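Visitor: I would like a close look at a single part of this structure, with its surroundings explained step by step. Please take the part first and the wider setting afterwards.

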Amino acid sequence: MAAAAPTPTTISPETPSLAALLPETLAKPLSEGTAAQPEAAGPKKQPVVLDVRDLKTYFYTYDGVVKALDGVSFKIRRGETVGMVGETGCGKSVTAFSVTRLIADPPGRIVGGAVLYRGANVLRGLEHEAKFKPMKGSNRVKVRRSFRRIKASQERMVAVRGGGIGMIFQEPTSAMNPIFSVSNQLSETLLLHRGDEIMDTLLQATPNAPERRAAFEELADAVRSGQPTDNVRAAAKKVGDVLHCPSMATQSFYTAREAIAAGRDPLPLLERAVRRLRLSRLARSYLLQQRRLIALQKELNASYMQEMRDGTFDHSQRRSIRRRRVATRYRGGWLSIRGIRGRARKPLNEETFWRSVTLLEGIAIANPVQVARSYPHELSGGMIQRVMIAMALSANPDILLADEPTTALDVTIQAQILELMRDLKERVGTATLFITHDLAVIAEVAERVCVMYAGHVVETAAVRDLFRQPLHPYSQGLLASIPRVDQPEKQLSSIKGSVPNLITPPPGCRFHPRCAYAMPICREQRPPTTVEGTDHTVACFLYKGPVAVE
Amino acid sequence: MKDGTSATILVARNLRKYFPIRGGLLSSHLGDVRAVDGVSFDIREGETVGLVGESGCGKTTVGRLLLRLIEPTSGHSFYRPPPETEARLNTLYDTLRPFTGGGDGGTEPPLTDEARRALEEIDAIADQYSLYRRSQRKMRPLRGKLQIVFQDPFSSLSPRQLIRDILTEPLAIHHVGSRSERYRRAEELVKDVGLNPDHLWRFPHEFSGGQRQRIGVARALALAPEFIVLDEPTSALDVSVQAQVLNLLRVLQAERGLAYLFISHHLSVVRAMSNRVLVMYLGKVVEEARTDELFTRPLHPYTQALLSAIPIPDPELKRERILLKGDVPSPAAPPSGCRFHTRCPAVMPVCSKVDPPYLQVRPDHFVACHLYPEGIPPKGATIPAGDGQIASAGMAGAEAPLVASH
């Protein structure tokens, strides 16, 4: 607290670029086999990372079946930001939750469709889950089998959730656990998704390197003589290089700065930090074991991905992998995960703490050490949202599902977060599904837009096309109803009526009761999705283009 | 009605509201949250005043103070003072200005005799016109004239009352008409806000958000008010429904000559709705101007940043954006001097020491910022009423100079 106090609210100019921060991010190989099938279309088109086809999610309530999603299809290409807009209750968030299979069952259930993440159907095996009904008199063996299948299908999801598909939740203050500090929660994600990397760093670190003394002194001099932060950063980086431990660069940077600001000699503090890096023989062997477990889990995940891709489950292989894993776990008796974290806790905690500080730096937080030590209630909404973004990005996901990330924030903070997300998109290149009800935000961040209405995607277009020439009457109405700060003259028009009840949705096109152009056919049939122009699809009987192929 | 001479309904001067922070062993007084700290403005007939700012800056508290839903710590709002009294009040407050500036305690010079006399005179006027000097009984007739529409249509309607009862209750409290007359009035009200009389026999949960907000508006209209505080009336609604409610509010204003205080954090909506805009930051008004002037020529760095942060629904428009650093400081311990100096892109050494005075910098344009030390000498400081037309700046908004030249 003490040293960071002088400039608490300013964004320090010395925050390093994220590219330097996450060098592995960009170089991350697509470890699980091939990327999705290359699209036949234009040459410069990126491969599709997420392909949602005819997704149906229903909620079974006492009042009836709420058809929250009724055949939603869209695609996200690599590095692309797709905006998803629509009114409250049109199924935007349900889409995101369905993709990661976070829909709570009992009430909700994904009843159909496919979510292809890099060619693998994430929803595979769901039908087994849906069949499970623990009713009176049912066969015990069958129930156990259902349980096993559910467990297996959920285990398969681990291969995708968090690691491949990251998520930013809507309400930042309630999405974090109030009883753990920020660094604690960031560390958890880091250990879960990048545990092997963290352990490798610890195992390869050279805390006894003789050159470290010189590097420390150089760093202390740089801080003491008040050199520009870039130079100090460089000196700190050198410390990290000498010790073969990148997180030491961050740690030594902050330690040295704090110590000198408080008028203390940084060298003993740095030495102490190095001492924490040293592993006892026991800790080393624990870490090695842990690594093997993680490697096995990865293997398992890869095989799950492959199975989802092939559409088969090779039960024999899975069983053998599980057997090996179990064997590894029990060979020494003490090799449970908890035990390992207990034995090597100090160095692991240090490493993950400073890694989370580095992550926080990467999202332009001014005093990352202080933020990492604080608890969620001590932070403002914007700050927690940043932490959430850091958490979602910590596993280097291919896809980021951002569910109304700025809705709860003020405009100035929203501008900061949008700027950050745009910046991250350029540097990290994560594909993003940006869910919001605010078309203005979509115009700022998205490249393509899906307009949703009552559980259907009614229009998909490049953002420019949509704003220049909305085709669906609903999109037109939506655009006409936004007050614009740059066009105060604009007469606000509104869409008459309100969103229909999804238990008994209107037949045919769900928009027809509110539509100004409603025709008799709209009442009877659901309009097909047709292609109008390049990359512009619409589901409306007003347009007669060729029917889009799935 | 909007001919430049419309009468003033409310004159709010130096409104302050401090919420005490209690804690510790004997729940002793630990400090104050300065929710509203010296806010002054006028509300005129038939006019919409926008009030914008980030969350926690005291917008809602100002709205509630104006209706005396909460008692202020200090300050007055005068209800319909005669023009000569209003002019006198303005001169009196001008004399007092050097003594009530910062509100930081201890920084003001000791009162001179003249200032003391001014205070006494204000006191005398306040006894006659200030809302806060009235007894609750005397306040009651005014409650019908000053109304509010709450932010959240889901929690502001009693779930146990029929819409009919919700709408007739204010009439009953004010002894308007007989029961059958009141029901007839409720029917009219429901029609006025675009619902149909069948809806009177329903409960609030049977309505959608937009419809509930209409009911909230109808309830506010029941007693034929002169002035309605609209406390974020559309922020809980979807855009398509928001437009319905905004259009309704406009129509009602045109028909009945209502004055609105339109509180919102959504600047596009404020621009569409208001004639004059106040920008608040941490309990203080930092800028006030006519809507088109404020949006095309914002002077205060905070307003500039706020305006540049609004996302514009046009993917082809790329703008220079002023990004503010950090978050809004806590109103329990506001920064010294200018409260914005911790985040200000144009901060100067003086900003952290001296609270900038609130000056008229251009006609009808008030700013509290050290960048504009030379105000127009306040002559009587009465702001000639705006010509009342909604934002006539034309298409200038897109090319608006969002960065000040200083």
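Is A:Arg101 buried or exposed? Please start there, and then go on to strand 8 of chain A and what surrounds that strand.

Guide: This is a predicted model, and A:Arg101 is buried in it, because 20 other C-beta atoms lie within 10 Å and the cut-off for a buried residue is 20 or more. A:Arg101 belongs to the loop between helix 3 (92–99) and strand 4 (108–117) of chain A. Its backbone deserves a remark: A:Arg101 has a positive phi of about 55° although it is not a glycine. Most residues other than glycine have a negative phi. Chain B offers a further case in B:Asn14, where phi is near 50°, again a positive value in a residue other than glycine. B:Asn14 is placed in strand 1 (residues 8–23) of chain B, and it counts as buried because it has 20 C-beta neighbours inside 10 Å.

Turning to strand 8 of chain A, which covers residues 431–435, five of its five residues are buried, so the strand is largely enclosed by the rest of the structure. In a regular strand the side chains alternate between the two faces of the sheet. Both faces of strand 8 of chain A are covered, with A:Ala431, A:Leu433 and A:Ile435 buried on one side and A:Thr432 and A:Phe434 buried on the other.

The partners of the strand come next. Strand 3 (residues 81–85) of chain A runs parallel to strand 8 of chain A and is joined to it by four bridges, with A:Thr81 standing opposite A:Thr432. Strand 7 (residues 399–403) of chain A also pairs with strand 8 of chain A in the parallel sense, over five bridges, and here A:Asp403 stands opposite A:Ile435. Between strand 7 and strand 8 of chain A the chain passes through helix 18 (residues 411–428) of chain A, and this β-α-β crossover is right-handed.

These pairings belong to an open sheet of eight strands in chain A, whose order is 6-7-8-3-9-10-12-11 and whose pairing is mixed. Strand 6 (165–168) and strand 11 (529–531) of chain A are the edge strands, each pairing on one side only. On average, neighbouring strands of this sheet are turned by 20° against each other, direction ignored.

Following the chain out of the strand leads to A:Thr436, which is found in the loop between strand 8 and helix 19 (439–445) of chain A. A:Thr436 is buried, with 23 other C-beta atoms within 10 Å. Leaving aside residues up to four places away in sequence, A:Thr436 touches A:Gly83, A:Val85, A:Glu404, A:Thr407, A:Val441 and A:Ile442. A:Thr436 and A:Ser93 are 343 residues apart in sequence, yet their C-alpha atoms are 9.0 Å apart in space. For chain A in general, residues 24 or more positions apart account for 67% of the contacts with a separation of 6 or more. Chain A contains 22 helices and twelve strands, and 46% of its 550 residues count as buried.

Helix 18 of chain A also leads towards the other chain, since it is among the elements that cover the buried residues of helix 11 of chain B, together with helix 9, strand 8 (276–281), strand 9 (284–290) and helix 10 (291–296) of chain B. Nine of the nine residues of helix 11 of chain B are buried, so this helix is largely enclosed by the rest of the structure. The contact between the chains takes 44 residues from chain B and 43 residues from chain A. On the side of chain B that touches chain A, the elements that give two or more residues are helix 8 (239–256), helix 9 (267–273) and helix 11 (301–309) of chain B, and the largest share, eight residues, comes from helix 8 of chain B. By class, this side has 22 nonpolar, 13 polar and nine charged residues.

A word on confidence closes the picture. The predictor gives the complex an ipTM of 0.75 and a pTM of 0.77. Chain B averages a pLDDT of 82, with 88% of the residues scoring at least 70. Over residues 102–106 of chain B the pLDDT is below 50, and this stretch has seven contacts in the model beyond near neighbours in sequence. Residues 377–406 of chain B also stay under 50, and the model has 60 contacts for them beyond four places in sequence. Where pLDDT is low, the predicted coordinates should not be read in detail.

Terms used. Residues are numbered from 1 along each chain as its sequence is written. Chains are lettered from A and ligands numbered from 1 in the order in which they are written. This is a predicted model: local features need pLDDT of at least 70, side-chain atom pairs count only at pLDDT 80 or more; totals for chains, interfaces and linings use all residues. A residue is buried if 20 or more other C-beta atoms lie within 10 Å of its own, exposed if 12 or fewer, and partly exposed in between; C-beta atoms are placed from the backbone. Two strands pair if DSSP finds at least two bridges between them. A crossover is right-handed if, with the strands pointing away from the viewer, the path from the first strand over the helix to the second runs clockwise. Two residues are in contact if their C-beta atoms, placed from the backbone, lie within 7 Å. Ala, Val, Leu, Ile, Met, Phe, Trp, Tyr, Cys and Pro count as nonpolar, Asp, Glu, Lys and Arg as charged, and the others, Gly among them, as polar. pLDDT is the predictor's confidence in each residue, from 0 to 100. Axes are lines fitted to C-alpha atoms, for helices over the stretch in contact, and angles run from 0 to 180 degrees between N-to-C directions.
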